[in-house]
Amino acid sequence: MKTINLGILAHVDAGKTSLTERLLLGAGVIDELGSVDAGSTRTDTMTLERQRGITIRSAVVSFVVAGTTVNLIDTPGHPDFIAEVERALGVLDGAVLVVSAVEGVQAQTRVLGRTLHRLGIPTLIFVNKMDRAGADLDRVLDQIADRLTPAAVALGRVTAAGTPNARWAPFEPDDPGHDRRLVDLFTTYDDALLAAYVANERTATPARLRAALATWTARARVYPVHAGSAITGAGVDDLIAAVAELLPAAEGDDDAPLAGTVFKVERGAAGEKIAYARIFTGTVRVRDRIRYRRDHEARITGIDGYSGGDALPRDSAGAGGIVRLHGLADVRVGDPLGDPPARPAGRGQFSPPTLETVVVPVRDGDRPAIHAALAQLAEQDPLINLRQDDLRREIAVSLYGEVQKEVIQATLADEYDVAVTFRETTTVCVERPVGAGAAVEWIGREPNPFLGTVGLRVEPGPLGSGVEFRLGIELGSMPLAFLKAVEETVRETLRQGVCGWEVIDCVVTLTHGGYWARQSHSHGVFDKSMSSTAGDFRNLTPLVLMAALSRAGTRVHEPVHRFRLDLPADLFGVVLPVLSGLDAVPRMSILRGTSYLVEGEVPAGRVHTLEQRLPSLTRGEGTLESEFDHYRPVRGPAPSRPRWDHDPLNRKDYLLAVARRVTARPQR
């Protein structure tokens, strides 16, 4: 039986979870349709999801149709939880993008559509809510062509749109207008079809066109469109049939080396970690010892595979499927299993969070419990980037938006019984080197208290390159463990630059390295005070790196969003001064009938303010889309972030902090 790992994606409130319920009902997995409003859906299991009627965590459920097992992943629709969507993208064989027939193509719809196209994920589009007043399929099809892709093609029409009697009617196989649209679309990619059609139009038979539709859909060149209603069930059976017919099945060799990726981690009833993973190649078995991440190994104590809606225990799982793995105690979201998968794991498709806040306990004695709870939440969502400042007794987290802050607050209260508030949300900036700088500390020379020599040079790297570590010394001149300690510490230290922000787009070169080999006294007793260890290099590297970075100099950059604003034409002159006051820079404005389309850039820290002010400025008619685009140098005084208590820029305090952690070594 073939398997398809299918994602359901949409802008919030487009009816994505309701469609999931209808699919499960149609496949016989559930006997009664759940309701988002009533909090009775199969995939929204968190208390907060049921209370708010939104999806917060991705959920997996399975059904069988036409001899095909479909592992369906229901993803969040709110942009504050885009990280959940990102992790799901890397395990999908295909997707259904849900669009509301009333609201049309919305901000998050565009973000998701562009990402699916960029990743080449085969996608069906379902126009939902055709039974709602104001539903207009033709208008939405025009928006899809204009805002998503011109390669979308409707496979039918809707009758009685905007009423409870709305129905989806697929085009007949010999519909001349539909056949002509398919030919026009396919011949863009299919030279053989074009040549045959030019020679004889009758060669474009319905069977040949249907086969071409499956081919080009599977290659993510064509996007079939269905429509209907998840509430009434109109059009859903045809959508289910299209999933089995048009989307490609999972591929993979059961006998190849194990390769997979973890896209979700949750805790079981006893507090144990459960890893949700896609197996790309190979087979995993209970009691197998498998490698994950770079240097972790663990024995699999249990495997749950999906069948008929539920995850059931099994002895093994082969390539292509999604499983739940037990026994990986230190597993994290994004970890590779076995050999690195041959396809991307979904990382880096969306921007990282650009906001952060400090979590403040209502009861001071709850600080340890809050940190432990947030550490567990970080297992599920590593991008919250949990940070603790022991000196100031502060805990900070990164955010995509204000709704995510509310969800964290409610989760801590409901699931961990701790009450918190938050400080004002601030923008997460970054630092980039502006020049080159170098520093070195020599073993056995003052003021170096560590048994190691480290020299580093820091210089700017290409935009978007992150941090590149290079060796400027011979590979065999130092033990590999010491080199690894230097590189890992470089990357960790650069999380806080001269002004306290993460340093990006730089090249760090190890220019000097030295150590004292393992030594012992005359009676053969090893003396660690006379021999270098990896700890010496971990403790020395921050001092050298920050000295080099200070000499290179850094400049603080703030995140900038690209925005698209639709507003009534008569209010164009009212909104422009407001954009200017928010440091937004319009790059283009186009008059389209009775509305203006304005595109430009706005600092990430001002997006929330713009969203709040837009309804009153535009009589509730304005719509805003925005997403991270780039970093730009901060204008005016550079903002700084409070630094750690063990700050390598302050040599004295840093060495005192190290002394508290390690045993002091006598100097030679």
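Let's start with Asp304. Leaving out residues up to four places away in sequence, Asp304 touches Ala311, Leu312, Pro313, Val323, Arg324 and His326. One of those contacts has a polar part. The side chains of Asp304 and His326 are joined by a polar contact of 2.8 Å. Where does Asp304 sit? In strand 15, residues 302-307. Buried or exposed? Asp304 counts as buried, because its relative accessibility is 8% and the cut-off for buried is under 20%. Keep in mind that this is a predicted model.

Now the whole chain. The protein chain has 668 residues, and 53% of them count as buried. The chain holds 16 helices and 34 strands. Take the contacts with a separation of 6 or more: 73% of them come from residues 24 or more positions apart.

Next, the first sheet on my list. This open sheet has 7 strands, in the order 2-3-1-4-5-9-6, and the pairing is mixed. Which strands are at the edges? Strand 2, 59-65, and strand 6, 152-154; each pairs on one side only. From one strand to the next, the twist averages 25°. Look inside the sheet at strand 4, residues 94-100, and strand 5, residues 123-128. They pair in the parallel sense, over 6 bridges. As an example, Ser100 has Asn128 in strand 5 as its bridge partner.

Helix 9 goes with this sheet. Helix 9 lies across strand 1, strand 2, strand 3, strand 4, strand 5 and strand 9. Its direction is about 175° to strand 5.

On to the cores. In general, nonpolar side chains of soluble globular proteins tend to be buried together. Here, the largest nonpolar core has 60 residues. Which of them touch the most other members? Leu6, Leu19, Leu23, Val96, Val127, Met130 and Phe186. Helix 9, residues 236-246, gives the most to this core, with 7 residues. Zoom in on Phe186. Apart from neighbours within four places in sequence, Phe186 is in contact with Leu193, Leu209, Ala212, Leu213, Trp216 and Val222. There is also a second, separate core of 27 residues, including Ala439, Phe450, Leu456 and Met478.

Now helix 5, residues 137-148. Which residues are buried there? Leu137, Val140, Gln143, Ile144 and Arg147. They all lie on the same side of helix 5, because they cover an arc of only 120° around the axis. The general rule is simple: an α-helix has 3.6 residues a turn, so residues three or four places apart point the same way. The face of helix 5 turned away from the buried side carries exposed Asp138 and Asp142. What caps the N-terminal end of helix 5? Asp136, with a side-chain oxygen 3.2 Å from the backbone nitrogen of Asp138.

Last, another sheet. This one is open, has 4 strands in the order 26-27-30-28, and shows mixed pairing. Strand 26, 437-441, and strand 28, 467-471, are the edge strands. Neighbouring strands are turned by 20° against each other on average, direction ignored. Strand 27, residues 453-460, and strand 30, residues 506-514, pair in the antiparallel sense over 8 bridges. In strand 30, Gly514 is the bridge partner of Thr453.

Two helices to finish. Helix 12, residues 480-493, packs on this sheet and touches strand 27, strand 28 and strand 30. Its direction makes about 155° with that of strand 28. Helix 13, residues 534-552, packs on the sheet too, touching strand 26, strand 27 and strand 30. The direction of helix 13 makes about 35° with that of strand 27.

Terms used:
Residues are numbered from 1 along each chain as its sequence is written. This is a predicted model: local features need pLDDT of at least 70, side-chain atom pairs count only at pLDDT 80 or more; totals for chains, interfaces and linings use all residues. Side-chain values use heavy atoms; hydrogens and water are left out. Buried means under 20% relative accessible area, exposed over 50%, partly exposed in between (1.4 Å probe, protein chains only). The arc is that of the directions from the helix axis to the C-beta atoms. A polar contact is a pair of N or O atoms within 3.5 Å; within protein, one must be able to donate a hydrogen and the other to accept it, and residues adjacent in sequence count only if both atoms are side-chain atoms. A nonpolar core is a set of buried Ala, Val, Leu, Ile, Met, Phe, Trp, Tyr and Cys residues joined through side-chain atoms within 4.5 Å. Contact means heavy atoms within 4.5 Å. Two strands pair if DSSP finds at least two bridges between them. Axes are lines fitted to C-alpha atoms, for helices over the stretch in contact, and angles run from 0 to 180 degrees between N-to-C directions.
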